[in-house]
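Reader: I would like to go through this model with you and ask how each label was earned. Could you take me through it?

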Amino acid sequence: NAALMGIKEFFKKHYNCTSERAKNTAISLLPIIGWMKTYSFKEWLLNDILSGVSTGLVAVLQGLAFSLLASIPTWYGLYAAFFPVIMYFFLGTSRHISVGSFPVLSLMVGAVVTRLVPDEGLPANITAFEGLTKEEQRVLVSASLTFLVGLFQLGMGLLQVGFIVMYLSDTLISGFTTAAAVHILISQLKFVLGLTVPGFSGPLSIIYTLESVFTQITSTNIHDLVTSIVVMVMVLGVKEINDRFKSKLKVPIPIEIIMTVIACGVSYAFNFSENHGVDVVGKIPNTFESPIAPSLQVFQMAAVDAFPIAIVGFAVAFAVAKVYSVKHDYVIDGNQELIAFGASNIFGGAFKSLAASTALSRSAVQESTGGKTQVAGLLSAIIVLVVILGIGFLLEPLPKSVLGAVVIVNLKGMLMQVVTVPYLWKKDRPDCIVWVGTCLAAIFLGLDIGLAVGLGLELLTVVFRAQFPRCSVLANISGTDIYRDRKDYVNVSIYEPEGVKIFRIPSPIFFANIDFFRDKLKDAVGFNPLRILRKRNKAVKKMKKLLKKGELTLTSNGLQATCSMPIEESEDESNMEDLDKPTDYSDLPIQVNWNAELPANIQVPPVNIHSLVLDFSVVSFLDISALKGLKAAIKEFIRINVDVYIVGCDRKNCKFFDDEIKTSIFFLTIHDAMLFINESHPPKTVSEKVMKTFGDCTSLICSFKD
């Protein structure tokens, strides 16, 4: 009965539906309910209207331009600036990102489109392709892929795996987007030069594209080239003015829109399409097309491609959303963002939209023009709607070379990320390797394989950092109780305490790096304690044998050899297990001074420290294998009369303590340990150091026991 009551209470507590819980669930699934209650019409509405109009105009132009990357008709890019925005308005938690097409995603979609429906040759064997033109087949592939991307994102959101984006570091994303920018730049050359270049996909596709471009370079359309250069120069120049005077400009100069209007007018006036062979946007339907069901066969053939598209789209959008949420002090929910983008892409895919994420430049426009909420996003979608249904025909004479030029200009930010490589090489070489490896792999092997390579390199760097951490010997900053690595403080008075080594390992200690830890510890102290211990045990055995045979005599100056050569002992005569045990001085009448000259030419390396401090303040855990290895290492030092202290670590037994290792070796801080060490081993005065220097010449190698 008690068990049943406990189960009943558990279900009542965790699965009981109250009005408060229902309200919180509704706000969680529909964030619009939360922020609309606090919406200030007087203060925010005008800003949202201005931002929505500005963002909508940019979204129209970018939608047309980015659709070229996906190898589908231009007006389908406009759908990506409408349908996903409507869904995100209700489900998204970010108030400032502009949802719509993103060049990297469009390029990844285009790679799948050209693989299943190539420019030359037969399309893939898909039943739904029957009776469709090549353009319609490509639109079906794009829409089905977008739908599948949405399913992946929605599934991850419902499973609460938004944390997956943490495995995509800023370095990886930077290298990946730089490679994508290179792909986009190369893909736009055919529009800028007015050439007919077939689409390539797969590894080395960028090489094949360049080869095709350069073999046709003599066929360049001068009108396309000149138009593109003029547009790029003007847009870059005005964007620079916008950046330099953004504090004085209430609204950035919409140079892309201005140049588009001018280009449309010039193209229409001089009939570029017929008179000069310039490829233009062409007919834009003034209505929405009917929704379609996705193709299951496309799902099967594109599932491997859809997952990285889903991850990249969410990662980029979440990164941008996080920046604006911190700037404007509100919270975004990663799992809800996955649900929002999943639903947006499912809805958009059903209406033949491109895969949606966010473009950095478009989001910057929405935020910088005063946008406060997604009301600005909704208004931008209305602007797109007006263009589609009402004035789209005005864009029909727009040269595609202008769209290509706009795409290339918007790549500046992504391409300039390459300047971070020298900085990474100086500050963090593993991160630099991830950046360069991801970038090169994505450029030459394709974006999907490049992303996989980047993830692999990132995991390898995690393993490398954990298995081979940067261990260091700490020194004291003069006049303080602070201990730091000498290498990090070149111009500061810093010294190592005499007779003490302070060793830090900045990572967990576990089975994979315990041997590395012990090796680095030996390097830090400058000797192998086990080797010293064995040599001392051998030396003691030799002394005992020489004493028994009368070849060592006890004098007022210690032990003196009566013969010039000692008795040599072969390695076979020594039991190695006995040599690893604590030194047995029981049959010696004197205490051996191991740092002085020994009798009968016995050689034992000196030990120049009396204390070893292990700084574990940044060690998050030790496993059983590490505990065993650490215990063995500590015992080796204790057995050669080096005191060992551990700081910044919890005292846990785990059969760690015994007759040799005591709980008293633990201290809270390095300074506490050093105070104790200075009491046990007071630092030598100047006169003592001088006496030691001269005394070493004639020192007694042994002293009588009390």
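**Labels and the values behind them**

Author: Gladly! The protein's secondary structure comes to 29 helices and 13 strands. Keep in mind that this is a predicted model. Of its 706 residues, 47% count as buried.

Reader: Why is threonine 369 called buried?

Author: The cut-off for buried is under 20% relative accessible area. Threonine 369 has a relative accessible area of 4%, so it counts as buried. This residue is found in the loop between helix 17 (360-368) and helix 18 (375-391).

Reader: What makes the approach of threonine 369 to valine 365 a polar contact?

Author: The limit is 3.5 Å between N or O atoms. The threonine 369 side chain reaches the backbone oxygen of valine 365 at 2.6 Å, and the backbone oxygen of glutamine 366 at 3.4 Å, so both distances fall within that limit.

Reader: Which residues further along the sequence does threonine 369 touch?

Author: Not counting residues up to four places away in sequence, threonine 369 touches Asn47, Leu50, Ser51, Ser54, Val251 and Pro252. Serine 51 lies in helix 4 (residues 41-69). Its contacts, leaving aside neighbours within four places in sequence, include Val365, Gln366, Thr369 and Gly370.

Reader: Is serine 51 buried or exposed?

Author: Serine 51 has 0% relative accessibility, so it counts as buried.

Reader: How do you know that lysine 239 and glutamate 256 form a salt bridge?

Author: The rule asks for a side-chain nitrogen of Lys or Arg within 4 Å of a carboxyl oxygen of Asp or Glu. For lysine 239 and glutamate 256 the closest N and O atoms are 3.8 Å apart, so the pair meets the rule. Lysine 239 lies in helix 12 (residues 222-244) and glutamate 256 in helix 13 (residues 255-269), so the bridge ties together parts that are 17 residues apart in sequence. By this rule the count comes to 18 salt bridges.

Reader: Why is lysine 239 called partly exposed, and what is glutamate 256 called?

Author: Partly exposed runs between the 20% limit for buried and the 50% limit for exposed. Lysine 239 has a relative accessible area of 25%, so it is partly exposed. Glutamate 256, with 9%, is buried.

Reader: What makes arginine 518 and glutamate 636 a salt bridge?

Author: Their side chains meet at 2.8 Å, N to O, so they are within the 4 Å limit. Arginine 518 lies in helix 24 (residues 514-525) and glutamate 636 in helix 27 (residues 624-638), so the pair ties together parts that are 118 residues apart in sequence. Both arginine 518 and glutamate 636 are buried.

Reader: How do you know that lysine 635 and glutamate 660 also meet in a salt bridge?

Author: Here the N to O distance is 3.9 Å, so the 4 Å limit is met. Lysine 635 lies in helix 27 and glutamate 660 in the loop between strand 11 (643-647) and strand 12 (666-667), so the pair ties together parts that are 25 residues apart in sequence. Salt bridges that share partners join Lys631, Lys635, Arg639, Asp658 and Glu660 into one network.

Reader: Why can isoleucine 449 belong to the nonpolar surface patch?

Author: Patch residues need over 30% relative accessible area. Isoleucine 449 has 34%, so it passes that limit, and it is called partly exposed. The patch covers about 630 Å² and includes Phe200, Leu204, Leu440 and Ile449.

Notes:
Residues are numbered from 1 along each chain as its sequence is written. This is a predicted model: local features need pLDDT of at least 70, side-chain atom pairs count only at pLDDT 80 or more; totals for chains, interfaces and linings use all residues. Side-chain values use heavy atoms; hydrogens and water are left out. Patches are made of residues with over 30% relative accessible area and no salt bridge: like charges are joined within 9 Å, nonpolar side chains (Val, Leu, Ile, Met, Phe, Trp, Tyr) within 5 Å. Accessible areas come from the Shrake-Rupley method with a 1.4 Å probe; for residues, only the protein chains shown count as cover. Buried means under 20% relative accessible area, exposed over 50%, partly exposed in between (1.4 Å probe, protein chains only). Helices (H or I, at least four residues) and strands (E, at least two) are DSSP runs, numbered from the N terminus. A polar contact is a pair of N or O atoms within 3.5 Å; within protein, one must be able to donate a hydrogen and the other to accept it, and residues adjacent in sequence count only if both atoms are side-chain atoms. Contact means heavy atoms within 4.5 Å.
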